[in-house]
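Let's take a friendly walk through this model, one piece at a time. Have the sequence and the 3D view at hand.

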Amino acid sequence: MNNMTKGSGGRPPQNKFRLDKVDGKLAGVCSGIGNYFGMDPMIVRLIFVAGTLIGFGSFLLLYILIAVLAD
């Protein structure tokens, strides 16, 4: 697929982590993580939801921390 990923809007993976506020839903954290690792942001969102439910909210705190520090 010539180094382009489907989930990142046809853009190649980035070398530096950034919030993706254009394609992001809430703060762009999951979309930014998806772009950084070259994977679909929906998979990252599902991981965060599952981690929040299973980990008693710990992933929600992690999400907020990333949103504040990476901005």
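## Starting at Ser 31

In which helix is Ser 31 found? Ser 31 lies in helix H1, where helices are DSSP runs of H or I with at least four residues, numbered from the N terminus. This is a predicted model, in which local features need pLDDT of at least 70, side-chain atom pairs count only at pLDDT 80 or more, and totals for chains, interfaces and linings use all residues. Residues are numbered from 1 along each chain as its sequence is written, and side-chain values use heavy atoms, with hydrogens and water left out.

Ser 31 counts as buried because its relative accessibility is 2%; buried means under 20% relative accessible area, exposed over 50%, and partly exposed in between (1.4 Å probe, protein chains only). Leaving aside residues up to four places away in sequence, Ser 31 touches Asp 20, Asp 23, Gly 24, Pro 41 and Arg 45, a contact being heavy atoms within 4.5 Å.

## The two sides of H2

Pro 41 and Arg 45 are also among the buried residues of H2, along with Val 44, Phe 48 and Gly 51. Seen down the helix axis, the buried residues of H2 fall within an arc of 130 degrees, so they line one face; the arc is that of the directions from the axis to the C-beta atoms. Their cover includes helix H1 (29-37) and helix H3 (58-70).

On the face turned away from that buried side, H2 carries the exposed residues Leu 46, Leu 53 and Ile 54. Just after H2, Phe 56 takes a positive phi of about 55 degrees.

## The whole chain

The protein chain has three helices and zero strands. Of its 71 residues, 30% are buried.

Definitions and conventions. Helices (H or I, at least four residues) and strands (E, at least two) are DSSP runs, numbered from the N terminus.
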